[in-house]
Amino acid sequence: MTPHDSDVSTISPELPAMFDGMKLAAVATVLYIIVRCLNLKSPTAPPDLTYQDTPLNRFLLKSCPQLTKEYIPPLLWGKSGHLQTALYGKLGRVNSPHPSGVRKYLPMQDGATATFDLFEPQGDHRTGDDITMVICPGIGNHSEKHYIRTFVDYAQKDGYRCAVLNHLGALPNIELTSPRMFTYGCTWEFAAMVGYIKRTYPQTQLMVVGFSLGGNIVCKFLGENSMNQERVLCCVSVCQGYSALRAQETFLQWDQFRRFYNFLMADNMKKIILSHRHSLFGGNPVKTIDLDLGPLYTATSLMQIDDNIMRKFHGHSSLKEYYEKESCVHYIHNVNVPLLLVNSADDPLVHESLLTIPRTLAAKKPNVIFSLTLHGGHLGFFEGAVLFPQPLTWMDKVIVGYANAMCQWEKQKPPCQSGHLSEK
């Protein structure tokens, strides 16, 4: 045996043990990361509710059990707000239905053409009343999005007529007829849709529903003018941020990867804007916006796009003015119909500091309930046993459940009481 062979035989028994230890450490590290990233140790719980103790709120919470029972997301991934948000963004919903509707076109005073899709109920409502849900989707969304189709189909089957706004410029096959598209808080198109519904169905009562950016628009619409609350039974807002001015700083932070989401959303907005470049910036008989598109191509955040493009559609002199004028935080205190505000604590797009707005509002106003879930992400709220989510989400069930409870209250409310409450 050579000295070299002797050295190898001496050290070789130690090498497998060392490699086994490294493998074990690597596996433990990966498992630790998985558990942390998926939040597998996070508990499940009922939503955290903020509300005043009134007969209406007690009735609503008793009649809509989803608001008081434990929300249980899919075991393996449902406790991650990022995965909930990513699945919503990529898939929308599982086995999404295809409700049949009719597209309506409404000419606006400035030459724009608002569109919405109208879906008739698939049966009588349980109260026998004519009730229409007027729905405002999230940023750049429309009636053809899977999460909207799933919710509309579910609401139709419960006897609700549904009118879904298509944000101006969001539908790829609908050309703009004026140099303007949807913005963060413009309520003109939503108001036109609501006006059409009120004129066409004079006996119908309205339930207002907004998702994300749509939640900001519907709350601002109701708070802008008390007349907008006429014939409105209630309003539900899900996953909105309430104040764009307060949100802009948090949206530039890397905490919860908000800066990355900001980049993705900005990229999507660029695609929508550029798909309408001819109508918005040149070649249109109507006066177009005269600006340099260079900053749009290089923009990496929604704030840059808002400052260079979006604020100019309505003539705002600065980004601060645009965000102040278009955020519902300045109007929502004027809403006196029953108002359900829903957010998720693990929503990567909405910073926790913004949630003081709905929590404070619900503590002050008797018509407001604020529901904060531990999990759900941004417009996710998937339910399921272990891996595969169910077609219907907790969010779908809560909105329809709250609407049903509100209809039942109107049918059997105590004398001299109604859904419209004034602030104490």
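**Exercise 1. Classify asparagine 57 by burial and describe its surroundings.**

*Solution.* Asparagine 57 has a relative accessibility of 1% and therefore counts as buried, the cut-off for that class being under 20% relative accessible area. The structure is a predicted model, and the solutions below refer to that model. As to position, asparagine 57 lies in helix 3. Its side chain comes to 3.1 Å from the backbone oxygen of proline 366. Proline 366 also appears among the contacts of asparagine 57 beyond four places in sequence, which are Tyr51, Gln52, Pro366, Val368 and Ile369.

**Exercise 2. Determine how helix 3 and helix 15 are arranged, and which residues form their contact.**

*Solution.* Begin with the geometry. Helix 3 spans residues 55–63 and helix 15 spans residues 394–412; their axes are 9 Å apart, and the packing angle is about 130 degrees. Helix 3 is therefore oblique to helix 15. The handedness of this crossing is right-handed.

Next, list the participants. Helix 3 contributes Pro55, Leu56, Phe59, Leu60 and Ser63, while helix 15 contributes Tyr402, Ala405, Met406, Gln408, Trp409 and Gln412. Sorted by class, the contact between helix 3 and helix 15 holds 8 nonpolar residues, 3 polar residues and no charged residues.

**Exercise 3. State the relation between helix 6 and helix 7, and give the class composition of their contact.**

*Solution.* Helix 6 covers residues 188–200, and its axis comes within 10 Å of the axis of helix 7, with a crossing of roughly 65 degrees. Angles of 65 to 115 degrees count as roughly perpendicular, and helix 6 and helix 7 are therefore placed in that category. The crossing of helix 6 past helix 7 is right-handed.

On the side of helix 6, the residues involved are Phe190, Ala191 and Val194; they meet Ile217, Val218 and Phe221 of helix 7. The composition of this contact is 6 nonpolar, no polar and no charged residues.

**Exercise 4. Locate leucine 213 and identify its contacts from elsewhere in the sequence.**

*Solution.* Leucine 213 belongs to helix 7, which runs over residues 213–224. With a relative accessibility of 7%, leucine 213 counts as buried. Outside four places in sequence, leucine 213 contacts Pro137, Gly138, Ile139, His167, Thr183 and Tyr184. A C-alpha distance may be added: leucine 213 and glycine 185 are 7.8 Å apart in space and 28 residues apart in sequence.

**Exercise 5. Describe the environment of leucine 49, including its C-alpha separation from phenylalanine 370.**

*Solution.* Leucine 49 is in strand 1, residues 48–51. Its relative accessible area of 22% makes leucine 49 partly exposed. Along the chain, leucine 49 and phenylalanine 370 are 321 residues apart, whereas their C-alpha atoms are separated by 5.6 Å. Phenylalanine 370 is one of the contacts of leucine 49 beyond four places in sequence; Leu61, Leu67, Thr68, Ile369 and Ser371 are also included.

For the protein chain as a whole, consider contacts between residues at least 6 apart in sequence: 78% of them join residues at least 24 apart.

**Exercise 6. Establish which side chain forms a polar contact with the side chain of arginine 161.**

*Solution.* Arginine 161 is placed in strand 5, residues 161–166. A relative accessible area of 6% makes arginine 161 buried. The side chain of arginine 161 makes a polar contact with that of threonine 132, at 2.8 Å. Beyond four places in sequence, arginine 161 touches several further residues, among them Leu118, Phe119, Glu120, Pro121 and Asp130, as well as Tyr201 and Thr204.

**Exercise 7. Examine the phi angles of asparagine 95 and phenylalanine 257, and give the setting of each residue.**

*Solution.* Asparagine 95 has a phi near 50 degrees, a positive value in a residue that is not glycine. Asparagine 95 sits in the loop joining helix 4 (81–91) to strand 2 (102–107). At a relative accessible area of 66%, asparagine 95 is exposed.

Phenylalanine 257, likewise not a glycine, has a positive phi of about 60 degrees. The loop that holds phenylalanine 257 lies between helix 8 (244–250) and helix 9 (258–275). Phenylalanine 257 is partly exposed, its relative accessible area being 49%.

**Exercise 8. Summarise the protein chain by secondary structure and burial.**

*Solution.* The protein chain contains 15 helices and 9 strands. Of its 424 residues, 54% are buried.

How values were computed: Residues are numbered from 1 along each chain as its sequence is written. This is a predicted model: local features need pLDDT of at least 70, side-chain atom pairs count only at pLDDT 80 or more; totals for chains, interfaces and linings use all residues. Side-chain values use heavy atoms; hydrogens and water are left out. Axes are lines fitted to C-alpha atoms, for helices over the stretch in contact, and angles run from 0 to 180 degrees between N-to-C directions. Helices (H or I, at least four residues) and strands (E, at least two) are DSSP runs, numbered from the N terminus. Angles under 35 degrees count as roughly parallel, over 145 as roughly antiparallel, 65 to 115 as roughly perpendicular and the rest as oblique. A crossing is left-handed if the near helix is turned anticlockwise from the far one by less than a right angle, and right-handed if clockwise. Contact means heavy atoms within 4.5 Å. Ala, Val, Leu, Ile, Met, Phe, Trp, Tyr, Cys and Pro count as nonpolar, Asp, Glu, Lys and Arg as charged, and the others, Gly among them, as polar. Buried means under 20% relative accessible area, exposed over 50%, partly exposed in between (1.4 Å probe, protein chains only). A polar contact is a pair of N or O atoms within 3.5 Å; within protein, one must be able to donate a hydrogen and the other to accept it, and residues adjacent in sequence count only if both atoms are side-chain atoms.
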